[in-house]
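Subject: Structure for your review

Dear colleague,

Please find below the structure that I am handing over to you. My notes on what was found in it follow.

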Amino acid sequence: MTGAEALTEPGDRARAADAATPDRLRYDVTLRGNADGSRWTGRQRVSFRNSSDRPLREVYVRLWGNGVDKCGSPGTPPPIVVSAVRGGTAGRLTVDCTALRIALPKPLAHGERAAVAFDVSIAVPDRNDRFGREGAFRFLGNALPVLAVHDAMGWHLDPYVSTGESFYSLESDFRVSLDHPSTLRVPATGRTATLPGRPGRSLTVSVAHRVRDFAWAAGPFRTATETTPGGVRVNSYWAPDTSAAGVRVTRHNGAAAVDRFGKEYGRYPYGEIDLVMTSGFGGGMEYPGLVLLGTTEEGSAVVHEVAHQWWYGIVGNDEYRAPWLDESFAQYANARFYGWDTRDCWSQEEWPNDRSALTNTMAYWAAHRGEYHLLYTAGPCALADLERTLGAATMAGLLKRYARDHWYGVSTTADFKKAAQSVADHDLGPFWKEHRIR
């Protein structure tokens, strides 16, 4: 069958119509920070392509930074404010002020490109969170507005959840210029360079290719840089009151993990990674090329967060509908890194109820917060059991090929089950049922 003939098949037409769009996104952002990095204002432009056969008449901007505060209170705007929209007509904020519809001037046909631009104002909330602050340090995770995804399920306009993540985005290119006081260090997603600015100020310019979102931090960090044997530049940033022992073990394990996972799943493609450490940040939070870490004498969650560079960052997934595909896989990688004993680490008797399943959505986990730990316990145990079922060498080959097949793309539970079945010598149906992978 020729390529032209193949495109006429009904199945191909359906797949093209339902393709995830808009794609091939490019974000160009210029922001200026105030004296302590708690406010940033500037301009953002995003260009994109319609990869669906269906005309694209609108786009949605996700303002995830408004997730906790929603629409603010009378007299107090939400943390993220978008204004002066160009390239389309802005509607009203919806989904608790985390979604903004922009109607395009005319329908965008398959393969055509367009762009929208807007002013953006970011006020860092006064709480210790992935978008928040700790003392003199600011964390700007999920602060930058990004475009929502439209696919076979329609527009993904899921609500924000504080337990876990709601995020789903396609790989994009970012060029972000951050104008800030020279007293502040500004780690950020991508390859960064800090240049002299106006008197007393510096310009940190970050360029990131094929990443799903962009994050940065700001504060009077101490810093150190090293290059791993595998050639990855590891930039460490830490608050002065952070445990020295914790910083040492975090730097060591972070560098070791990025090289090890590069061998196991495919070479780390972004060149450098920033480890941002403070004493009070709760656990850890992953972003492409940057992780936020609470660090104590015992170390931090750095290995788990580094594993997320592959499981969510490189191999994408809809974190609202299939959170196990990144959290359980990252924790399985974490367990293997530390050599934890995973034999008999979970049993059928430990499921809380009949509705509990690894493949539940964040809607379920948000309503059953006491069960959310299953993604970090039952999930990696299931993958460890799969390793014993298939054999260690077969499992290693499966994960490397699975990562390669979905590199920079988006995977689903069905994709992983199909990949696992392709290397198994028996039907894995009973295995999926036993481990509640539906």
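Is helix H7 mostly covered or mostly uncovered, and how many of its 13 residues are buried? In this model, which is predicted, H7 is mostly covered, with eleven of its 13 residues buried.

**Helix H7**

Helix H7 takes in residues 378-390. From the first C-alpha to the last, H7 reaches 18 Å, close to the 18 Å expected for 13 residues at 1.5 Å a residue. The buried residues of H7 are Ala378, Gly379, Pro380, Cys381, Ala382, Leu383, Ala384, Asp385, Leu386, Glu387 and Leu390. Their cover includes four other helices: H5 (324-338), H8 (392-405), H9 (413-423) and H10 (429-434). After H7 comes Gly391, which has a positive phi, near 100°.

**The two disulfides**

A disulfide is a covalent bond between the sulfur atoms of two cysteines. The structure holds two disulfides, and one of them involves H7. This is the link between Cys345 and Cys381, whose sulfur atoms are 1.8 Å apart. It joins distant parts of the chain: Cys345 is in the loop between H5 and helix H6 (362-367), Cys381 is in helix H7, and the two are 36 residues apart. Residues under 20% relative accessible area count as buried. Cys381, with a relative accessible area of 10%, is therefore buried. Cys345, at 26% relative accessibility, counts as partly exposed.

The other disulfide is formed by Cys71 and Cys97, with their sulfur atoms 1.9 Å apart. This pair too links distant parts of the chain: Cys71 lies in the loop between strand E3 (56-62) and strand E4 (80-86), and Cys97 in the loop between strand E5 (89-94) and strand E6 (99-108), 26 residues apart. The link of Cys71 and Cys97 is right-handed, with 105° about the S-S bond. Here again one partner is partly exposed, namely Cys71 with a relative accessible area of 39%, while Cys97 counts as buried at 7% relative accessibility. When the bonded cysteines are counted along the protein chain, the disulfides follow the pattern 1-2, 3-4.

**The nonpolar core and helix H3**

Which residues touch the most other members of the largest nonpolar core? Among its 127 residues, these are Ile122, Trp216, Phe261, Leu386 and Phe416. Leu386 has already appeared above as one of the buried residues of H7. For Phe261, leaving aside its neighbours within four places in sequence, the contacts are Gly266, Val303, Val306, Ala307, Trp310, Ala333 and Phe337.

Helix H3 covers residues 244-265. Its 22 residues should span 32 Å at 1.5 Å a residue, and its end C-alpha atoms are 31 Å apart, so the expected and computed lengths agree. At the start of H3, a side-chain oxygen of Ser243 comes to within 3.3 Å of the backbone nitrogen of Ala245. H3 is followed by Gly266, which has a positive phi, near 130°.

**A buried glutamate**

Where in the chain is Glu165 placed? Glu165 is in the loop between strand E12 (154-155) and strand E13 (172-181). Glu165 has a relative accessible area of 8% and is buried. The side chains of Glu165 and Arg130 are joined by a polar contact of 3.3 Å. Leaving aside neighbours within four places in sequence, Glu165 is also in contact with residues including Met285, Glu286, Glu319, Tyr320, Asp326, Glu327 and Met362.

**Aromatic pairs**

The count of aromatic pairs comes to 34. Why is the pair of Trp311 and Tyr402 called stacked? Their ring centres are 5.9 Å apart and their planes meet at 20°, and planes under 30 degrees apart count as stacked. Trp311 lies in the loop between helix H4 (302-307) and H5, and Tyr402 lies in helix H8, so the pair ties together parts that are 91 residues apart in sequence. Trp311 is buried, with a relative accessible area of 1%, and Tyr402 is buried as well, at 2%.

A second example is the pair of Tyr372 and Tyr376, with ring centres 5.6 Å apart and planes at 75°, so this pair is edge-to-face. Tyr372 is buried, with a relative accessible area of 10%, whereas Tyr376 is partly exposed, at 27%.

Yours sincerely

Technical notes:
Residues are numbered from 1 along each chain as its sequence is written. This is a predicted model: local features need pLDDT of at least 70, side-chain atom pairs count only at pLDDT 80 or more; totals for chains, interfaces and linings use all residues. Side-chain values use heavy atoms; hydrogens and water are left out. A nonpolar core is a set of buried Ala, Val, Leu, Ile, Met, Phe, Trp, Tyr and Cys residues joined through side-chain atoms within 4.5 Å. Buried means under 20% relative accessible area, exposed over 50%, partly exposed in between (1.4 Å probe, protein chains only). Contact means heavy atoms within 4.5 Å. The expected span of a helix is 1.5 Å times one less than its number of residues. A polar contact is a pair of N or O atoms within 3.5 Å; within protein, one must be able to donate a hydrogen and the other to accept it, and residues adjacent in sequence count only if both atoms are side-chain atoms. A disulfide is a pair of cysteine sulfur atoms within 2.5 Å. Rings of Phe, Tyr and Trp (its six-membered ring) pair if their centres lie within 6.5 Å; planes under 30 degrees apart count as stacked, over 60 as edge-to-face and the rest as tilted.
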